[in-house]
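Trainee: Got a few minutes to go through this one with me? I'd like to talk it over fold first, surface after.

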Amino acid sequence: MVDQVLWCPIFMICYFTYIGFANGDMPSTILAKIHSDLWTAVQGSWKVWILAHAIQFRYVATKHRIVYINCVEVCFIMFL
């Protein structure tokens, strides 16, 4: 939970900035995108990752956890 509260907003800002520059957007456009979409993306992240980790710690065997988390990560990036 602490990871999601502290790290998620920073990661999302970095993600939106990278995607914006990769698309050739101006800094003002990137900032507008961050201001309009950051809270929604953070809420979506909280919904996905808290549940994903709860499932992982309860039901996924230790030797399969990396594969499970990588699959969740691919799906989550597609969501973004």
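Mentor: Sure. Before we talk surface, accessible areas here come from the Shrake-Rupley method with a 1.4 Å probe. Keep in mind that this is a predicted model.

Trainee: Then how much area does the protein expose, and what share of it do carbon and sulfur atoms supply?

Mentor: The exposed total is about 5800 Å². Of that area, the share supplied by carbon and sulfur atoms is 72%.

Trainee: What order do the elements run in from the N terminus on?

Mentor: Count the elements up: there are zero strands and three helices. So with the helix cut-off of at least four residues in a DSSP run, the order from the N terminus on is α-α-α.

Trainee: What radius of gyration does the protein have, set against a compact globule of 80 residues?

Mentor: For a compact globule of that length you'd expect a value near 12 Å. The C-alpha trace here spans about 45 × 20 × 15 Å along its principal axes. The radius of gyration of the protein is 15 Å.

Trainee: Of the contacts with a separation of 6 or more, what share comes from residues 24 or more positions apart?

Mentor: Contact means heavy atoms within 4.5 Å. Among contacts with a separation of 6 or more, the share from residues 24 or more positions apart is 56%.

Trainee: Is V2 buried or exposed?

Mentor: V2 sits in helix α1, residues 2-22, and joins V5 and L6 in a nonpolar surface patch of about 290 Å². Its relative accessible area is 58%, and exposed means over 50%, so V2 is exposed.

Definitions and conventions. Residues numbered from 1 in each chain as written. Predicted model: local features only at pLDDT ≥ 70, side-chain atom pairs only at ≥ 80, totals over all residues. Heavy atoms only, no water. Patch = residues over 30% accessible without salt bridge, like charges linked within 9 Å, V, L, I, M, F, W, Y side chains within 5 Å. Salt bridge = Lys/Arg side-chain N within 4 Å of Asp/Glu carboxyl O. Helix = DSSP H or I, 4+ residues; strand = E, 2+ residues; numbered from the N terminus. Buried < 20%, exposed > 50% of the residue type's maximum accessible area, 1.4 Å probe, protein only. Rg over C-alpha atoms; globule rule 2.2 N^0.38 Å.
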